[in-house]
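Reader: Please take me closely through one part of this structure, with attention to any enclosed space. I should then like to see how that part is placed in the whole.

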Amino acid sequence: MTARRPCPPAPGPLEDYAARFDDLFFSLAQRRGFREYLTGLLAPRERNKTLTCLAGAEPVSGAGMPGVQRLQFFLSESPWEAGQVNDRRLELLRQRPETAPHAGGVIVIDDSGDRKDGTATAHVGRQWLGRYGKTDNGVVTVTTVWTDGRVYYPLHAQPYTPAHHFPRGPRDPGFRTKPQIAATLATQGKEAGFACRAVVADCAYSVSDDWYLALREAQLPYVVHLKPHRGTWAPAEEPHTPIDAAHALAWRDAERPGDWTPVERHFRDGHTETWWAADATLSGWGPTSRVRLVVATTDPATLPEKATWYLATNLPHPDAPHAATSPHPPADLAEIVHLYGLRPWIEQSYKQIKDELGWADFQVRSARAIKRHQTLVNCAFSFCWDQWFAPPGPLDTSAPDPCPDDGPERGTVPAPPAPTALLAQGPTSHPVLAHPRRHPPPVVASLDGQGPTRRAPGPDRRGHHRTRH
């Protein structure tokens, strides 16, 4: 067999990471394209990470340059499989003790919408784009993220194809709703070896019976937010909505809480908050039922809209009759609140993947090329974790140990402290590639280092700190 020709190495530590994927590519051009694409994604961001930007060429006028055309062919035409690359990425995450999944984490489901003009791009359509808070022309991708509050990384992604792309519309056998896609991705995460305590999702998925049935078939536990005013059948004298069920719970004050239990929430900036949680009863849901309705709030008297959660879960109550026979271990109120409190980490993942690594900057039209771009962005994101947990280099012995012996534990594997220095503090616009002999300085920007962000910056802020050429 003819020996493979050596590939020009990627900068610094990226070469070692990229080399772990070499057997998935059949030619020197593919291996070189993989390295060049990741290098461009991880380089300082001065403008949208289009192919010309990744190749270091001028916009528009540089589109015909050989480096740009080489990346275009690698992304759109070259015969390699994005699914195999993603599987290898997840395998590397599982192998590393610091990022290995465990039964205490969650799989978070959400969708991400990005504006795209025209009608020729795959998956494009006029639909709700949560990032912009309005209906617009764009592409929506359903994604899953695994997190335990210490580390977080994307698992799988699947663009949603609007019904008008199919000959028979929503009745076409090939059409799939976002909840159906989400349930499939959650199942794929489990099959890929990413154990979780629950699948967590917001209220957009709570209205789909298909979503619940698919998770039940896969024997996956869930914690999903309910719309507070979504009605259900019940006798006239009983509550009909989650908020009605919450108002029916007894409460006087903190000294006489009635049905409510205090729950302490801990945040990454060190502060704590006391919330109140209770098992409510609504139609067939209750503490002894197969599905529970858990209400968590900062004030049981007023149930403030922005600080009250209405959660449906199939994790049994510790005192429920079926707790001993349930496929899922029982969970108390504090654990339910903690599990759903991990959901904002998917927004943090979006913030970095989109604003610094160029998730939405692709200028290709085919479904295969879009899928490949998203896979490569996720590889760049996972490389950042790989470098954060890399051992100190020989030239820098003064740096602190990221895994001290007396640190907190996660199962039987010592867990590192929260990586607050992994990414830049504040709105840094000049991330740099990791140094080859030490943990990286900021690799991608925009993480505040203190906890989940409430919302990713809007489109009008994305270029606020960038130099315009």
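Author: The largest cavity is the part to examine, and its lining consists of Y17, R20, L92, L93, R96, T99, S382, W385 and D386. The model in which this cavity is found is a predicted one. Rolling a probe the size of a water molecule over the atoms shows where empty space is left. In this case the enclosed space has a volume of about 70 Å³, and the cavity is one of four in the structure of 30 Å³ or more.

The lining is mixed in character: four of its residues are nonpolar, two are polar and three are charged. Helices α5 (82-95) and α11 each contribute at least two residues to the wall. The greatest contribution comes from α11, which supplies three residues. Among the lining residues, S382, W385 and D386 fall within the range of α11, residues 367-388.

Helix α11 therefore deserves attention in its own right, because 19 of its 22 residues are buried and it is largely enclosed by the rest of the structure. From its first C-alpha to its last, α11 reaches 32 Å, close to the 32 Å expected at 1.5 Å a residue.

A second cavity offers a useful comparison. The second largest cavity holds about 60 Å³ of space. Its lining is formed by T143, V145, P154, H156, A157, S349, Y350, I353, W359 and N378. Strands β3 (134-147) and β4 (152-160), together with helix α10 (345-355), each supply at least two of these residues. Six residues of this lining are nonpolar and four are polar, with no charged residue among them, whereas the lining of the largest cavity includes three charged residues.

Strand β3 leads from this second cavity to a further part of the fold. It is joined to strand β1 by 10 bridges, and the two strands run antiparallel. At one position in this pairing, R115 stands opposite G138 in β3. Strand β1 (residues 106-115) is also joined to strand β5 (residues 198-201), here by three bridges and in a parallel arrangement. In that pairing V106 stands opposite A198 in β5. Eight of the 10 residues of β1 are buried, so this strand is mostly covered.

Two residues in loops have a backbone angle that merits a remark. V60 has a positive phi of about 65°, although it is not a glycine, and it is placed in the loop between α3 (51-54) and α4 (66-76). L303, likewise not a glycine, has a positive phi of about 45° and lies in the loop between β9 (292-297) and β10 (308-313). Their surroundings are unlike: V60 counts as exposed because its relative accessible area is 76%, over the limit of 50%, whereas L303 counts as buried because its value is 6%, under the limit of 20%.

The whole protein may now be set around these parts. It contains 11 helices and 12 strands. Of its 469 residues, 53% count as buried. Among contacts with a separation of 6 or more, 62% are between residues 24 or more positions apart. The lining of the largest cavity likewise brings together residues from separate stretches of the chain, including Y17, L92 and W385.

Note on methods: Residues numbered from 1 in each chain as written. Predicted model: local features only at pLDDT ≥ 70, side-chain atom pairs only at ≥ 80, totals over all residues. Heavy atoms only, no water. Helix = DSSP H or I, 4+ residues; strand = E, 2+ residues; numbered from the N terminus. Expected span 1.5 Å × (residues − 1). Buried < 20%, exposed > 50% of the residue type's maximum accessible area, 1.4 Å probe, protein only. 1 Å grid on protein atoms, 1.4 Å probe; cavity = no way out; pocket = protein on both sides within 12 Å on 5 of 7 lines; lining within 4 Å. Points joined across faces, edges and corners; volume = space filled by probe spheres on them. Nonpolar A, V, L, I, M, F, W, Y, C, P; charged D, E, K, R; others polar. Pairing = 2+ DSSP bridges. Contact = heavy atoms within 4.5 Å.
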